[in-house]
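Reader: Could you take me through one turn near the end of this chain, slowly? I'd like to see what sits around it, and then how it fits into the rest.

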Amino acid sequence: DIIFQSDDGSGGVAEYFRLDGSAGYTVTSKAINFTDSTKALFGASHDLEIYHDGTNSNVLAKGTGDLIIQNNNDDGDITFKCDDGSGGVATYFAVDGGAVLNKFYKSSKHLDNVKALFGDGGDLEIYHNGSNSFIQDLGTGFLAIDTNGTDVRITKTDNEFMAKFIIDGAVELYHNAVKKFETTAAGVAVTGTTTITSTSAG
């Protein structure tokens, strides 16, 4: 080996790094300080750069191929953390290798016309176009709204109903938060005036 030693900051001597001839690699025993805009370069063509430019920290893939972040630890996670808005640090989302899913610990925000796509062909889209909000089924099959709860509700607010679909029970339709129509075991019930308009061809 070739061993590089220097003062340890306390009057002694410490190893800083060594060229390990038996292992075939360099071993560092102390931190390496890259000053601002000094890059750590990887690859024969410097395809990967890691550096701090004095303002921001950068991991830059500038050559061929993809940038891969991978954890091979069994059931291990990849956790993304950032400032919590109060001087601390919080987890925003994690790739959970044990549960085999992505966990979101904070809200996600899709800006106008940025769609959440579901299905291999993007068959289901959810988005806001700047004026209106859409849930669009663009692929094969039907759009299902399923519940294991007591009912499905369409509301203006949490307590102003537009429609209510009660499991194993009635379908209720509302006008200005007042129930006007509902199905019953015997048929239907209507509150208020019923107007039927029909047109027959001669």
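Author: Start at Asn176, which sits in the hairpin of β15 and β16 and takes a positive phi near 50 degrees. That hairpin has 2 residues between its strands. Before we go on: this is a predicted model, so local features need pLDDT of at least 70, side-chain atom pairs count only at pLDDT 80 or more, and totals for chains, interfaces and linings use all residues. Residues are numbered from 1 along each chain as its sequence is written, and side-chain values use heavy atoms, with hydrogens and water left out.

Now look at what the turn joins. β15 covers residues 171-175 and β16 covers residues 178-183, and the two pair in the antiparallel sense over 4 bridges. A strand here is a DSSP run of E with at least two residues (a helix is a run of H or I with at least four), and numbering goes from the N terminus. Two strands pair if DSSP finds at least two bridges between them. Beside the turn, His175 stands opposite Val178 in β16.

Keep following the chain and you hit another hairpin. β16 also pairs with β17 (residues 188-190), again antiparallel, over 3 bridges. One match-up to find is Phe181, whose bridge partner in β17 is Val190. This hairpin has 4 residues between its strands, and here Gly187 has the positive phi, near 160 degrees. As a general picture, side chains in a regular strand alternate between the two faces of the sheet.

Next, try some charges. Lys164, Glu172, Lys179 and Glu182 are linked in a network of salt bridges. A salt bridge means that a side-chain nitrogen of Lys or Arg lies within 4 Å of a carboxyl oxygen of Asp or Glu. The whole structure holds 10 of them.

Here are a few others to click on. Lys115 forms one with Glu125, and their closest N and O atoms are 3.0 Å apart. Lys115 is in the loop between β9 and β10 (116-118), whereas Glu125 is in β11 (residues 124-128), so the pair ties together parts that are 10 residues apart in sequence. Glu125 is buried at a relative accessible area of 9%, while Lys115 is partly exposed at 37%. For these words, buried means under 20% relative accessible area, exposed means over 50%, and partly exposed is in between (1.4 Å probe, protein chains only).

Glu49 and Lys62 do something similar, with N to O at 3.1 Å. Glu49 belongs to β5 (residues 48-52), Lys62 to the loop between β6 (57-61) and β7, and they are 13 residues apart. Glu49 is buried, with just 5% relative accessible area. Then there's Glu15 with Arg18, at 2.6 Å from N to O. In that pair Glu15 counts as buried at 18% and Arg18 as partly exposed at 22%.

Hairpins aren't the whole story, so have a look at the open sheet as well. Its 3 strands run in the order β7-β8-β9 with antiparallel pairing. At the edges are β7 (77-83) and β9 (101-104), each pairing on one side only. Neighbouring strands are turned by 20 degrees against each other on average, direction ignored; the axes are lines fitted to C-alpha atoms, and angles run from 0 to 180 degrees between N-to-C directions. β8 (residues 89-96) and β9 share 4 bridges, and Asp96 has Leu101 as its bridge partner in β9.

Now zoom out. The protein chain has 0 helices and 17 strands. Its C-alpha atoms fill a box of roughly 105 × 40 × 35 Å along the principal axes. The radius of gyration is 31 Å, where a compact globule of 202 residues would have one near 17 Å (taken over C-alpha atoms; the globule rule is 2.2 Å times the number of residues to the power 0.38). Of those 202 residues, 11% count as buried. Among contacts with a separation of 6 or more, residues 24 or more positions apart account for 0%; contact means heavy atoms within 4.5 Å.
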